[in-house]
Amino acid sequence: MKILITGGAGFIASHVADAYIEEGHDVFIVDNFSTGRKENVNPKATLIEMDINDNKIPDLLKTERFDILNHHAAQMDVRFSVENPRFDATTNILGSLNLYESAKKYGVKKIIFASTGGAVYGEQDYFPADENHPTRPCSPYGIAKLANEKYLHYYKEVYGMNYTVLRYANVYGPRQNPHGEAGVVAIFIDKMLSGGQPVINGDGKNTRDYVFVSDVVNANLLALRNDVSGIFNIATGIEHDVNYVFKKLKELTGSNCNEVHGELKAGEQRRSVCTYNKFKNEHGWQPETDFDEGMRRTVEYFKKLTSKK
Ligand SMILES: NC(=O)c1ccc[n+]([C@@H]2O[C@H](COP(=O)([O-])OP(=O)(O)OC[C@H]3O[C@@H](n4cnc5c(N)ncnc54)[C@H](O)[C@@H]3O)[C@@H](O)[C@H]2O)c1
């Protein structure tokens, strides 16, 4: 199939692009390199350096006639969205609509969208959250992701365009960018390996559900199928607090840094954990890499990267 992947120079979607290419698909990548990196881009993909808000997006979709739009490009920093809700909405809502309108017009059969399990639900009423849990996002980022889900429902109801929404838990693994504000695993490993001091925001008792990137890739492979339609959590059903992640990574990196706590940032949820039963029961997906193994592989990757510098 001919597939357009947005954000394909970034952490998650670059792995998705690799897997799609491996399966023999014709992959195009649109990325503006705001956080993405050239070295992540598969050389077999056709790379188009472009913002998803660019007015040349319709021409691209008109010319190339993609079967699938896999939409991962986003401003993905929750705290940044709290400080800059308009910037967040410009990329995460208006940029998406630029793509969806062109997809509708130029024959895209299906959209796969990277949503979020944590931010869309907000503070949870019960644990783990299933897909029917109330959606009460408490950040502009979460609001924008939920708006995308609603637009996709609209495009399906009114224009018959199929979609799969993948609500990711906290994704971690090789290629995650350690230099932003988001992605605690990559940030901690980078600091620990470079002799720096990671800072745990607040008391470190905030919990997250950590899912390894190769499991997320498997979900994106399944989502190519037309019968995989609707909204699915991509999670492990297990929560760990930041203090535990810190201890685990300290052990794996061999770092002798101290446990330092800083201020809790606005927009951060206390507990977040999701069940993947729906995707498992309907399509057989389940996470295959457990927390210890995933963390070990991620640390290995960053160690190799550090030794090359
Ligand atoms: N990492 C997680 O834990 C997580 C959890 C839930 C959802 N998600 C979603 O998954 C997607 C990928 O996240 P990631 O962690 O790989 O982040 P990332 O920052 O590594 O990837 C995002 C990519 O999008 C590109 N991009 C950003 N704005 C763009 C624009 N306006 N036009 C074109 N390209 C643009 C960036 O350059 C980057 O390559 C995002 O939609 C994010 O919201 C991630």
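Two exercises on the fold of this chain follow, each with a worked solution.

The model is predicted: local features need pLDDT of at least 70, side-chain atom pairs count only at pLDDT 80 or more, and totals for chains, interfaces and linings use all residues. Residues are numbered from 1 along each chain as its sequence is written.

**Exercise 1.** State the strand order of the open sheet of seven strands, and explain why strand 3 and strand 11 each have one side without a neighbour.

Solution.
- Strands are DSSP runs of E with at least two residues, helices are runs of H or I with at least four, and both are numbered from the N terminus.
- Two strands pair if DSSP finds at least two bridges between them.
- The order is 3-2-1-4-5-6-11, and the pairing is parallel.
- Strand 3 (46–49) and strand 11 (230–234) stand at the edges with a single partner strand each, so one side of each lacks a neighbour in the sheet.
- Within the sheet, strand 1 (residues 2–6) pairs with strand 2 (residues 26–31) over five bridges; Lys 2 has Asp 26 as its bridge partner in strand 2.

**Exercise 2.** Decide how the radius of gyration of the chain compares with the globule rule, and find what share of the residues is buried.

Solution.
- The chain holds eleven helices and 13 strands.
- The radius of gyration is taken over C-alpha atoms, and the globule rule is 2.2 Å times the number of residues to the power 0.38.
- The chain's value is 19 Å, close to the 19 Å from the rule for 309 residues, so the chain is as compact as a globular protein of that length.
- Buried residues (20 or more other C-beta atoms within 10 Å of their own, C-beta atoms being placed from the backbone) make up 45% of the 309 residues.

Notes
A residue is buried if 20 or more other C-beta atoms lie within 10 Å of its own, exposed if 12 or fewer, and partly exposed in between; C-beta atoms are placed from the backbone.
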